[in-house]
Amino acid sequence: MSAEPQPIGSQAEVRPYSQASRAGYGLLWTAWTILLTIGGFVLFAQSSVFAGLISLGLAALALRYTWRIWTWQARRLIFFIVF
């Protein structure tokens with residue numbers, strides 16, 4: 001038995017992401033936010049209210065994650081792209 005206090009909850013050392021990868025992910029998620037917002041308003045113009053609301057809801061979620069990336073609050077960076 002050692003006399004040293006044991007750490008409560010072992011936390012693995014987290015390596016921060018590089019500036020370049022964070023900027024890349026930030027730009028990707030910013031593009032998703034812009035595309036979903038434009039898509040939502042286009043759907044409203046075509047009288048698709050429900051689809052427009054879903055698109056704007058997804059844009060709000062993307063905006064929240066984008067904000068977390070740019071302010072260094074995101075713990076993990078998620079790469080999301082659809083072909």
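The following paragraphs lead through the predicted model, from its overall architecture to the contacts between its helices.

The protein contains two helices and zero strands. Helix α1 covers residues 19–45, and helix α2 covers residues 49–70. For the 27 residues of α1, a rise of 1.5 Å a residue gives an expected span of 39 Å; the end C-alpha atoms of α1 are 39 Å apart, which agrees with that expectation. After α1 comes Ser-47, a residue with a positive phi near 65°.

Of the 83 residues in the protein, 19% are buried. The exposed surface of the protein amounts to about 6,900 Å², and carbon and sulfur atoms supply 67% of it. When contacts between residues at least 6 apart in sequence are considered, 63% join residues at least 24 apart.

Which residues of α1 are buried? They are Arg-22, Gly-26, Leu-28, Trp-29, Trp-32, Thr-33 and Gly-40. The cover over these buried residues includes α2.

Trp-29 offers a detailed view of how the two helices meet. With a relative accessibility of 12%, Trp-29 counts as buried, because the cut-off for burial is under 20%. A search of the whole structure finds two aromatic pairs. One of them joins Trp-29 and Tyr-65 in an edge-to-face arrangement, with 4.9 Å from centre to centre and 70° between the planes. Since Trp-29 belongs to helix α1 and Tyr-65 to helix α2, the pair ties together parts that are 36 residues apart in sequence. Tyr-65 is likewise buried, as its relative accessible area is 15%.

Thr-66 follows in helix α2. Is this residue buried or exposed? Thr-66 counts as buried because its relative accessibility is 6%, against a cut-off of under 20%. The side chain of Thr-66 reaches the backbone oxygen of Trp-29 at a distance of 3.3 Å. Trp-29 is therefore linked to α2 through its aromatic pair with Tyr-65, and Trp-29 is also in contact with Thr-66. Neighbours within four places in sequence aside, the contacts of Thr-66 are Gly-26, Trp-29, Thr-30 and Thr-33. Gly-26, Trp-29 and Thr-33 also appear among the buried residues of α1.

A further interaction involves Arg-22, another of the buried residues of α1. The charged end of Arg-22 sits over the ring of Trp-72, at 4.1 Å from the ring centre.

Key. Residues numbered from 1 in each chain as written. Predicted model: local features only at pLDDT ≥ 70, side-chain atom pairs only at ≥ 80, totals over all residues. Heavy atoms only, no water. Helix = DSSP H or I, 4+ residues; strand = E, 2+ residues; numbered from the N terminus. Buried < 20%, exposed > 50% of the residue type's maximum accessible area, 1.4 Å probe, protein only. Polar contact = N/O pair within 3.5 Å; in protein donor to acceptor, adjacent residues only side chain to side chain. Contact = heavy atoms within 4.5 Å. Phe/Tyr/Trp six-rings, centres within 6.5 Å; stacked < 30°, edge-to-face > 60°. Lys NZ or Arg CZ within 6 Å of the ring centre and 35° of its normal. Areas by Shrake-Rupley, 256 points an atom, 1.4 Å probe, with all protein chains shown as cover. Expected span 1.5 Å × (residues − 1).
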